[in-house]
Amino acid sequence: MGEPLRRNRDFVLLWSATSVATLGAQVASVAYPLLVLELTGSAVHAGLIASAAMAAGIVLRLPAGALVDRWDRRRTMLTCHLVQAAVVAVVVAGSLLGLLDWRMLPAAAAIGSACGVFFHPAETAMLRRVVPAEHLPQALAHNEARQYGAAIAGPPLGGLLFNLGRTVPLAGELLAYVLSFAAVLAIKSPTPIRSPTPARSPRPATAAADRPRSLLRDIAEGLRWTWRQRFLRVLLVTAAGFSLVFSALTLTAIVAARQSGAAPSDIGLMMAICGAGGLLGALVAPRLRRRGPASVVLAMFWVAAAAIPAMAVRPTAWAIGPLLAVAFFLAPAANAILYTYQMAITPDHLQGRVISSLALIGSAVTPVGPLASGLILDRWGVTAALLSIASVMAVVALGATLSRTIRRLPPLAEVEAVAAG
């Protein structure tokens, strides 16, 4: 047994660095659109912020995973924060000097998103090097808590700071990247872990292996390896279904609450309640995973499938918020379990590519959710949209239940033993 996570200096630094950076990004997600609205008064221009960020993420996801596997991961994280800090510093300076043009903000969002696409797989892959195998599920649960905590605190903080001055949230984002850079810099550069089995060892040092590798070939290698793993194929399908459902559900919940007469502040509170459910689930995830990995994963799907149609009974902000919290409660524990398996079975030299492949393919159908939900909302209303989303969630839950791969997930102790070598 390794030392507890709270005494693992490198994990604490890594977790703190990413937490601060994530909070800064959440603050910016509110501040940038508000700033564009102030500069132009155009909702279309404000919408370009999210579109630019999403486009950069989609285009660079697979190349980033391949390059992260080639590069030093700690150095990659530091470089990403340097670029992000430099871009935000330019925006802050432009705002203070009165030279800020709204076009700078979509560009800044795109560059920040591009850096995040490199930062995330590097941070996740490095986690495996700084955390012992037996503590990996707990570390991943802490990461889930970090995401939900930032989602709860970031947007309200961004609005509050914007009220103090339009440059204040940008300065806060800049400070977040500087602090995160300092924390990553303090991490001892981890050495590669020993591969768990001979079959997963890094490539042999042959003349062919020493030749410069094609980036496209590296990407293809990661995609092929991911698809050949039965567990990862199942994970891709279920993750895509879950992402599709909740991308549609978010828009539907906001529209339903608005149509019921909820004020914007009530809608913000509704989403905060939803995030609180996920945060609470992340805090209890280490205890939940002891009840059996398959039961936790399947319960996540079926609880969500039951909570969504219940929203149709009374689609108001105060009814939907707690039900969203229930639907998200088991997600952190299930995610920690599934990604523990992924990290355990994936060779170290493929971690970046596999993580990026899962992230891209798993979220590829996500943009369909809001579009389909919007069409149903316009044509048939809130109740029809919620019941349609619930039907898709039930199909995903049934598919996961029928999957022998999910039902027969081995105990995490066995997976941790394999990962430990």
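Two colleagues talk through the nonpolar cores and the cavity of this predicted model.

Biologist: Which residues touch the most other members in the largest nonpolar core?
Modeller: Leu127, Phe246, Phe301 and Met393 do, in a core that counts 90 residues.

Biologist: And which helix gives the most to this core?
Modeller: Helix α9, residues 230-259, with 13 residues.

Biologist: Is there another core apart from it, and of how many residues, or what else is there?
Modeller: Another core of 19 residues lies apart from it. Leu105, Ala108, Ala109 and Leu170 are among its members.

Biologist: Back to Met393. What is it in contact with, leaving aside neighbours within four places in sequence?
Modeller: Met393 is in contact with Phe242, Val245 and Phe246, and also with Phe301, Ala304, Ala305 and Ile308.

Biologist: Now cavities. How many of 30 Å³ or more does the structure hold?
Modeller: One. The space in the largest cavity comes to about 30 Å³.

Biologist: What lines the largest cavity?
Modeller: Phe246, Leu249, Thr250, Ala253, Met271, Cys274, Leu324 and Phe328. Phe246 was also named for its contacts with other members of the largest core.

Biologist: Which elements give two or more residues to that lining?
Modeller: Those are α9, α10 (264-288) and α12 (317-329). Helix α9 has the largest share, four residues.

Biologist: What is the lining like by class: how many nonpolar, polar and charged residues?
Modeller: Seven are nonpolar and one is polar, with no charged residues.

Technical notes
Residues numbered from 1 in each chain as written. Predicted model: local features only at pLDDT ≥ 70, side-chain atom pairs only at ≥ 80, totals over all residues. Heavy atoms only, no water. Core = buried A, V, L, I, M, F, W, Y, C linked by side-chain atoms within 4.5 Å. Buried < 20%, exposed > 50% of the residue type's maximum accessible area, 1.4 Å probe, protein only. Contact = heavy atoms within 4.5 Å. 1 Å grid on protein atoms, 1.4 Å probe; cavity = no way out; pocket = protein on both sides within 12 Å on 5 of 7 lines; lining within 4 Å. Points joined across faces, edges and corners; volume = space filled by probe spheres on them. Nonpolar A, V, L, I, M, F, W, Y, C, P; charged D, E, K, R; others polar.
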